[in-house]
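User: Could you take a close look at one buried charged side chain in this model and tell me what surrounds it? Start from the overall picture, then zoom in.

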Amino acid sequence: MKANVGTVDKVVRIIAGLAIIGWGVAAGNWLGAIGIVPLATALLGFCPAYSLMGVNTCGTKK
């Protein structure tokens with residue numbers, strides 16, 4: 001797995017993931033568990049969807 005998620009993208013994903021999880025907890029809704037996906041991709045630095053689309057927001061050279 002080659003990193004394809006950049007720093008700004010990671011920050012946005014962490015904020016979005018925490019917001020989705022927070023909403024799920026506040027609403028008592030299990031759909032808040034979907035917030036784990038952006039958190040995982042941010043922490044791993046790899047997004048499978050980006051890989052399929054050929055997107056790379058990471059500053060590393062190819």
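Analyst: Of the contacts with a separation of 6 or more, 64% are between residues 24 or more positions apart. Keep in mind that this is a predicted model. The protein has three helices and zero strands, so along the sequence the pattern simply reads α-α-α, given that helices and strands are taken as DSSP runs. Its C-alpha atoms fill a box of roughly 45 × 20 × 15 Å along the principal axes. Buried residues come to 29% of the 62 in the protein.

Now for the part you asked about, Arg13. It sits in helix 1, which covers residues 7–27. Arg13 has a relative accessible area of 12%, and because buried means under 20%, it counts as buried.

What is packed around it? Leaving out residues up to four places away in sequence, Arg13 touches Val5, Pro38, Leu39, Thr41, Ala42, Cys47 and Tyr50. Tyr50 deserves a second look: Arg13 lies over the face of that ring, 4.8 Å from the ring centre. For a sense of backbone spacing, take Ile36, which is 23 residues from Arg13 along the chain; their C-alpha atoms are 10.0 Å apart.

Arg13 also has a charged partner in its own helix. Asp9 forms a salt bridge with Arg13, and the closest N and O atoms are 3.1 Å apart. Both residues lie in helix 1, four residues apart, or about one turn of the helix. Asp9 is at 15% relative accessibility, so with the cut-off at 20% it is buried too. The salt bridge count for the model comes to one, and Asp9 with Arg13 make a salt bridge. As for ring-on-ring pairs, a search of the whole structure turns up zero aromatic pairs.

For contrast, stay on helix 1 and go to Ile20, which lies in that helix as well. Ile20 has a relative accessible area of 31%, so it is partly exposed, since that class runs between 20% and 50%. Ile20 belongs to a nonpolar surface patch together with Trp23, Trp30, Leu31 and Ile34, and the patch adds up to about 550 Å² of accessible area. Across the protein, the exposed surface is about 4,300 Å², with carbon and sulfur atoms supplying 74% of it.

So helix 1 holds both the buried Arg13 and the partly exposed Ile20.

How values were computed
Residues numbered from 1 in each chain as written. Predicted model: local features only at pLDDT ≥ 70, side-chain atom pairs only at ≥ 80, totals over all residues. Heavy atoms only, no water. Helix = DSSP H or I, 4+ residues; strand = E, 2+ residues; numbered from the N terminus. Buried < 20%, exposed > 50% of the residue type's maximum accessible area, 1.4 Å probe, protein only. Contact = heavy atoms within 4.5 Å. Patch = residues over 30% accessible without salt bridge, like charges linked within 9 Å, V, L, I, M, F, W, Y side chains within 5 Å. Areas by Shrake-Rupley, 256 points an atom, 1.4 Å probe, with all protein chains shown as cover. Salt bridge = Lys/Arg side-chain N within 4 Å of Asp/Glu carboxyl O. Phe/Tyr/Trp six-rings, centres within 6.5 Å; stacked < 30°, edge-to-face > 60°. Lys NZ or Arg CZ within 6 Å of the ring centre and 35° of its normal.
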